[in-house]
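Got your viewer open? Load the model below and get ready to click through some side chains.

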Amino acid sequence: MEIYMKPTQQLLRQLGANGSYAGFKYTVTSICKTIQNPELIIYICKGLYTEVALQYEVNTGNVERNIRTVIETIWKSGNRELLNKVCGKQLTERPTNTFFIDAVSQYIIDSCDKHN
């Protein structure tokens, strides 16, 4: 999971998020956990959010809401061209947490594979 942390942080920053958002670390951790165990995204509320919440000692609602805030920030004022590239299509509405985490996870995997 550690090897994906830095590229994930860099990508989120390029998209328009930054570490001042409470959800930044939750988003990075969620993406890295999804890369490590793709099954977590299938059961996002009872799987992924629960693991992240336990790690940071917060509740799952807090994790979900703060990730949504990061995505909203990227959607409203971030790099839309890069977001579309990461998601693999022209977006017409803000991506859901599940779609965003899944798309970014796959983008990071593909990017890391190209460099190895």
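This tour of a predicted model goes through its salt bridges and then a charge over a ring.

Start by selecting Lys-33 and Glu-51. They form a salt bridge, with 3.4 Å between the closest N and O atoms. Zoom out a little and you'll see that this pair ties together distant parts of the chain: Lys-33 belongs to helix 2 (residues 22-36) and Glu-51 to helix 3 (residues 44-56), 18 residues apart. Is Lys-33 buried or exposed? Lys-33 counts as buried, at 12% relative accessibility, because the cut-off for that is under 20%. Its partner Glu-51 is partly exposed at 33%.

Next, hop over to helix 4 (residues 60-77) and pick Glu-64 and Arg-68, which sit 4 residues apart, about one turn of the helix. Their closest N and O atoms are 2.4 Å apart in a salt bridge. Turn on the surface here: Glu-64 is partly exposed at 23%, and Arg-68 is partly exposed too, at 30%.

Stay in helix 4 and select Glu-72 and Lys-76, again 4 residues apart, about one turn of the helix. This salt bridge has its closest N and O atoms 3.4 Å apart. Lys-76 is exposed, at 64% relative accessibility, while Glu-72 is partly exposed at 26%. Now add Arg-94 to the selection: Glu-72, Lys-76 and Arg-94 are linked in a network of salt bridges. The model has 4 salt bridges in total.

Last stop: show Trp-75 and Arg-80. The charged end of Arg-80 sits over the Trp-75 ring, 3.5 Å from the ring's centre. If you'd like to keep hunting, there is also 1 aromatic pair in the model.

Terms used: Residues numbered from 1 in each chain as written. Predicted model: local features only at pLDDT ≥ 70, side-chain atom pairs only at ≥ 80, totals over all residues. Heavy atoms only, no water. Phe/Tyr/Trp six-rings, centres within 6.5 Å; stacked < 30°, edge-to-face > 60°. Lys NZ or Arg CZ within 6 Å of the ring centre and 35° of its normal. Salt bridge = Lys/Arg side-chain N within 4 Å of Asp/Glu carboxyl O. Helix = DSSP H or I, 4+ residues; strand = E, 2+ residues; numbered from the N terminus. Buried < 20%, exposed > 50% of the residue type's maximum accessible area, 1.4 Å probe, protein only.
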